[in-house]
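Me: I've got a model open and want to check a few labels against the numbers behind them. Can we go through them one at a time?

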Amino acid sequence: MRAARLIKMVLLLQSRPVMTAGELARELEVSERTVTRDAQALSEAGVPVYADRGRAGGYRLVGGYRTRLTGLARGEAEALFLSGVPGALREMGLADAASAARLKVSAALLPSLRDAPDTAAQRFHLDAPAWFREPETPALLPVLAEAVWDDARVLARYRRGQDTVERRLEPYGLVLKAGVWYLCARVDPSGSFRTYRIDRFTAVDRLGERFERDPEFDLPGFWAEQAERFARSILRAEVVVRLSPEGVRRLPHAVDPLAARTALAQPGAPDPAGWVTVTLPVESEEVAHEQLTALGPEAEVLAPAALRERFAADAARAAALYHGGAG
């Protein structure tokens, strides 16, 4: 434990020109007295740690000393590539590895570049969870994250409807989508790849054996394919709708993006006013009513007849409200 702390102290001093005893104590989570003892131990071991006295004093390394202890461990290097998603790192139990990796990278940088991590962090940030929801961390996420890193087979139990199902899985990757965690895994022994919501797992046990990853597996490509397949599977109905030029522009923001792309890929010929007729795939007439209401007078539903009548009734009620005045 102390050896790791001494190494971290050297790396901290290598990455910054000078640090006070209080700053080192906070970073190392020890007392200032322990910092003093550690600095003395480093000096006795041949590391040129020098203490400047006085109000502006602190600890520093003498003569441009550079340690060779900056090599990244595999886990630290992998975590570093995820360091733009701090919440996700914490949920997977990788925050400490990412912190150590960033410190080692900072220590290895030239002095003129050592502010790069801070300046980048103030310019780029990925906020994965969706708006207006309190993200929840699945209890079994850290266990699955370790299995993914280690290519370790697991025996998993998860809820499927009212039943609990048990499967042997080869965990290939994790996906964080709008605050919800998913596992992409190969089912053993069928060999098929499937996607599971992690919050539906009830138990995960490592089997003590590793699996050989398929070198052809591409996690981003697999996820994109699964997401599009799911989107198409729920678009089971169709609505014929006329759109104004403004309605065409706003359609992708009002309905499912895949549905909008499908509808606008083959629009009818525009009329003299620029309106076009499209066939829009939708989940249901109820969902279509909710989504297309957002387009207001920029959309006219032509079919099915029941949905058109519903919009006509909405328009009549709105007209009555506005024609009646404010009282």
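**Cores, pockets and odd angles**

Reply: Sure. This is a predicted model. Its largest nonpolar core has 23 residues, and Val239, Leu243, Leu251, Leu280 and Leu292 touch the most other members. Strand E8 (237–243), helix H10 (245–254), H11, E9, H12, strand E10 (299–303) and helix H13 (305–323) each put in at least two residues.

Me: What does Leu292 touch, leaving out residues up to four places away in sequence?

Reply: Leu292 touches Val239, Leu251, Val255, Leu280, Val301 and Phe311. Contact here means heavy atoms within 4.5 Å. Another core, of 21 residues, lies apart from the largest one, and its members include Leu140, Ala145, Ala147 and Tyr196.

Me: How do you know that the buried residues of H12 are on the same side of the helix?

Reply: The buried ones are Ala288, His289 and Leu292. They cover an arc of only 100 degrees around the axis, so they sit on the same side of H12. What they pack against is E8, H10, E9, E10 and H13.

Me: And what puts the buried residues of H2 on the same side?

Reply: In helix H2 (residues 21–28), those are Ala21, Gly22, Leu24, Ala25 and Leu28. Their arc around the axis is only 165 degrees, and therefore they share a side of H2.

Me: Why is Ser244 called buried?

Reply: Buried means under 20% relative accessible area. Ser244 has 4%, so it counts as buried. Ser244 is in the loop between E8 and H10, and it touches Trp275 and Glu298, not counting residues up to four places away in sequence.

Me: Why is Gly296 called partly exposed, then?

Reply: That label covers what falls between under 20% and over 50%. Gly296 has a relative accessible area of 34%, so partly exposed is the right label. Gly296 is in the loop between H12 and E10. Its C-alpha atom is separated by 9.7 Å from that of Phe311, 15 residues apart along the chain.

Me: What makes the phi of Glu29 worth a look?

Reply: Most residues other than glycine have a negative phi. Glu29 is not a glycine, yet its phi is positive, at about 60 degrees. Glu29 comes just after H2, in the loop between H2 and helix H3 (32–44). The cut-off for exposed is over 50%; Glu29 has 73% relative accessibility, so it counts as exposed.

Me: Is Asp151 buried or exposed?

Reply: Its relative accessible area is 14%, so Asp151 is buried. Asp151 also has a positive phi, near 50 degrees, in a residue other than glycine. Its place is in the loop between helix H8 (141–150) and E3.

Me: Which peptide bond is cis in the loop between E10 and H13, and how do you know?

Reply: Pro304 lies in that loop, and the bond joining Ala303 and Pro304 is cis, with omega about 5 degrees. The bond from Asp188 to Pro189 is cis as well, with omega near 15 degrees. Pro189 is in the loop between strand E5 (180–188) and E6.

Me: What lines the largest pocket?

Reply: The largest pocket, with a volume of about 890 Å³, has 31 lining residues, and Tyr182, Trp223, Gln226, Ala227 and Phe230 lie nearest its centre. H9 gives the most to the lining, with eight residues. By class, the lining has 17 nonpolar, three polar and eleven charged residues.

How values were computed: Residues are numbered from 1 along each chain as its sequence is written. This is a predicted model: local features need pLDDT of at least 70, side-chain atom pairs count only at pLDDT 80 or more; totals for chains, interfaces and linings use all residues. Side-chain values use heavy atoms; hydrogens and water are left out. On a 1 Å grid over the protein atoms alone, a cavity is a set of points where a 1.4 Å probe fits but cannot get out, and a pocket is an open set with protein on both sides within 12 Å along at least five of seven lines; lining residues have an atom within 4 Å of a point. Grid points are joined across faces, edges and corners, and a volume is the space filled by probe spheres set on the points. Helices (H or I, at least four residues) and strands (E, at least two) are DSSP runs, numbered from the N terminus. Ala, Val, Leu, Ile, Met, Phe, Trp, Tyr, Cys and Pro count as nonpolar, Asp, Glu, Lys and Arg as charged, and the others, Gly among them, as polar. A nonpolar core is a set of buried Ala, Val, Leu, Ile, Met, Phe, Trp, Tyr and Cys residues joined through side-chain atoms within 4.5 Å. Buried means under 20% relative accessible area, exposed over 50%, partly exposed in between (1.4 Å probe, protein chains only). The arc is that of the directions from the helix axis to the C-beta atoms.
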